[in-house]
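With the model open in your viewer, please follow the stops below in order, selecting each group of residues as it is named.

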Amino acid sequence: RNMKLPPLPSIGQIIKLYGLSAQKQLAQNFILDMNLTDRVVKAAGNIKGATFIEVGAGPGGLTRSLLNLGAKKVIAVEKDARFLPALEDLKQASEGRLTIVHDDMLLVDEEKLLSGEPKSTNWEELSNIKIIGNLPFNVGTALMLKWLRLIPDRQGPFVYGRVPMVLMFQAELADRIVAQVGTWQYGRLSIIAGQTCNTHISFKIPGSAFVPPPKVDAGVVYFEPKITNTHVAPLDVTEFLCKQMFSQRRKMLSNSVKQLGEGSEEIFQIAKINPQKRPQELPVSEW
């Protein structure tokens, strides 16, 4: 069966047609170049036969690439009602492969969203469900943390297996997510992402490729949940510790830990960690 969409107006024409503009308060920026949206989709690996949750579909650029490149099903979540008519046009052309959900991704229950998909019986196998999105810059971190927190107990989308994610962030944030121990970008986000996922930056996109062009570039980050979860402490405990320790990056851990209260120095003996180290020198496994 031909998976290609019929000829449609360009995304630029659709924006004009429906009088759409990116709203500053929603931190919206669109990519109109289909070569670029195709490249973002290809960063997700296998597309044919896969089901995608797309975050913040906007005027439908990425959505269109997903459908054109053979996705079995796309569930597009969009909070801004202005984009629904344009997405509805795409739905009509998609032969039943596109579902539109008018909701806020931060509040969506992905397990319900995917009901009907087979639940995972083998965590070692990578899931045929994927999450993808050009995240609004103001909620990118919150959304990423929402999903990372669900991985250890295999909740939300991860009920359906090891769901990989391809997410677009501001380049500086992307660098911090994938940062290696010992670098100046390494911190709370690198540790939380590194405890649950293997991550890498697929590629960067110059700000000039977006409409309207933000002052910063973007980075496309690939997250693959780890097969074995070596992490024992709940993620919120790790998050709290990281926040405390990295608020004093230049200090040795033995100094920073004092703010946690009396007796907190014993933590180093129990965990067999050198208290003379600074937080950015502590690898993911030691957090």
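The tour goes from the sheet to the helices against it, and then to aromatic rings and charges. Please keep in mind throughout that this is a predicted model.

**The sheet**

Begin by selecting the seven strands that form an open sheet, which run in the order E4-E3-E2-E5-E6-E9-E7 with mixed pairing. Colour strand E4 (98-102) and strand E7 (197-205) separately: these stand at the edges with a single partner strand each, so one side of each is left without a neighbour in the sheet. If you turn the view to look across the strands, you can follow how neighbours in this sheet are turned against each other, by 20° on average when direction is ignored.

Now select strand E2 (residues 51-55) together with strand E5 (residues 129-134), which pair in the parallel sense over five bridges. Within this pairing, display Glu-54, which stands opposite Ile-132 in E5.

**Helices on the sheet**

Next, add helix H4 (residues 84-93), which packs on the sheet and touches strand E3 (73-78) as well as E4, its direction making about 160° with that of E4. Then select helix H6 (residues 140-150), which lies across E2, E5, strand E6 (165-170), E7 and strand E9 (218-225), and which runs at about 150° to E6.

**Aromatic pairs**

How many aromatic pairs does the count come to? The count comes to four, and two of the pairs are visited here.

For one of them, show the side chains of Phe-169 and Phe-223, whose ring centres are 6.2 Å apart and whose planes make 65°, so the pair is edge-to-face. Because Phe-169 lies in strand E6 and Phe-223 in strand E9, the pair ties together parts that are 54 residues apart in sequence. Both Phe-169 and Phe-223 are buried.

Move on to Tyr-186 and Phe-246, an edge-to-face pair with 6.4 Å from centre to centre and 70° between the planes. Tyr-186 is found in the loop between helix H7 (171-178) and helix H8 (188-196), while Phe-246 belongs to helix H9 (residues 235-246), so that the pair links distant parts of the chain, 60 residues apart. Tyr-186 and Phe-246 are both buried; adding Trp-287 to the selection shows one aromatic cluster formed by these three residues.

**Charges over rings**

Finish by selecting Arg-39, whose charged end sits over the ring of Phe-203 at 3.9 Å from its centre, and then Arg-82, which lies over the face of Phe-83 at 5.0 Å from the ring centre.

Conventions
Residues are numbered from 1 along each chain as its sequence is written. This is a predicted model: local features need pLDDT of at least 70, side-chain atom pairs count only at pLDDT 80 or more; totals for chains, interfaces and linings use all residues. Side-chain values use heavy atoms; hydrogens and water are left out. Two strands pair if DSSP finds at least two bridges between them. Helices (H or I, at least four residues) and strands (E, at least two) are DSSP runs, numbered from the N terminus. Axes are lines fitted to C-alpha atoms, for helices over the stretch in contact, and angles run from 0 to 180 degrees between N-to-C directions. Contact means heavy atoms within 4.5 Å. Rings of Phe, Tyr and Trp (its six-membered ring) pair if their centres lie within 6.5 Å; planes under 30 degrees apart count as stacked, over 60 as edge-to-face and the rest as tilted. Buried means under 20% relative accessible area, exposed over 50%, partly exposed in between (1.4 Å probe, protein chains only). A charge sits over a ring if NZ of Lys or CZ of Arg is within 6 Å of the ring centre and within 35 degrees of the ring normal.
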